[in-house]
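Open the model in your viewer and keep the sequence panel in sight. The tour below goes from one selection to the next.

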Amino acid sequence: MTNLAYPPALHDGVVRVRPWRDTDLLCVEQAAQDPRIPVGTTVPARYTKEAGLAYIARQHARLTSGEGVALAIADQHTDQAVGHINLMLRPQEGVAGIGYWIVPAARRQGIVSRAISLTTAWGLSAGNLARIEGWVEPDNLASQRALEINGYLQEGRLRSFLTIGARRADVLVYSRIAADAQR
Ligand SMILES: CC(C)(COP(=O)(O)OP(=O)(O)OC[C@H]1O[C@@H](n2cnc3c(N)ncnc32)[C@H](O)[C@@H]1OP(=O)(O)O)[C@@H](O)C(=O)NCCC(=O)NCCS
């Protein structure tokens, strides 16, 4: 039985993964200015304080509705939020999809790789998941690399699998399973 809840404390000395707070609005505002994030997520394309607070409320609702768990990625020392990571349950028992973004100013510092590591380890242990999968567009090399660094294996390419904005997109499927974690 899958058992998703907010984790007690996930951090590695540099990055903290924790529930979203209403004080994280600056992070949502910066994400709204990125060309890619609002298209593939529910980050508002036009930021207002109300839209930002509604985004944060939606992240808490993922847990209460049983859809999954959605968390902020923050600097461990300042606690300033710089990104988002989630595990959303798939229809198959024990399977979740992982999703993430980092605000442009905080990219290329290894932050998402650290957040994926913390979240995956927790999901496959306390979260009681058997499999975590990532769906990544073929041109998104940073996302592919971040999964590969964390031991996710590429399983194949699903053609015309997602609607992203107004277009259809292929995705590469990556997964890490509980048995991998024991190796
Ligand atoms: C994808 C994304 C989350 C990466 O976040 P990040 O914190 O910059 O990633 P990291 O710094 O942990 O880098 C991960 C790896 O990708 C590499 N990388 C980062 N940006 C890259 C780029 N633009 N092109 C190629 N490789 C890149 C890094 O060098 C690192 O690999 P290395 O350790 O072997 O050097 C971020 O670019 C983003 O939010 N993009 C928009 C939203 C998105 O695409 N989300 C994922 C959807 S599947």
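Helices (H or I, at least four residues) and strands (E, at least two) are DSSP runs, numbered from the N terminus. The model is predicted, so local features need pLDDT of at least 70 and side-chain atom pairs count only at pLDDT 80 or more, while totals for chains, interfaces and linings use all residues. Residues are numbered from 1 along each chain as its sequence is written, and side-chain values use heavy atoms, with hydrogens and water left out.

Select R108 to begin. R108 sits in the loop that runs between strand 5 (95-102) and helix 4 (111-124). Its phi is positive, about 60°, although R108 is not a glycine. Most residues other than glycine have a negative phi. R108 counts as exposed because its relative accessibility is 87%; the cut-offs are under 20% relative accessible area for buried, over 50% for exposed, and partly exposed in between (1.4 Å probe, protein chains only).

Go next to S160, in strand 7 (residues 153-164). S160 also has a positive phi, near 50°, and is a residue other than glycine. With 38% relative accessibility, S160 counts as partly exposed.

Finish at S175, in strand 8 (residues 167-177). Is S175 buried or exposed? S175 is buried, because its relative accessible area is 3%. Show the side chains around S175: one polar contact, of 2.8 Å, goes to the side chain of E155, and another, of 3.4 Å, to that of R131. A polar contact is a pair of N or O atoms within 3.5 Å; within protein, one must be able to donate a hydrogen and the other to accept it, and residues adjacent in sequence count only if both atoms are side-chain atoms.
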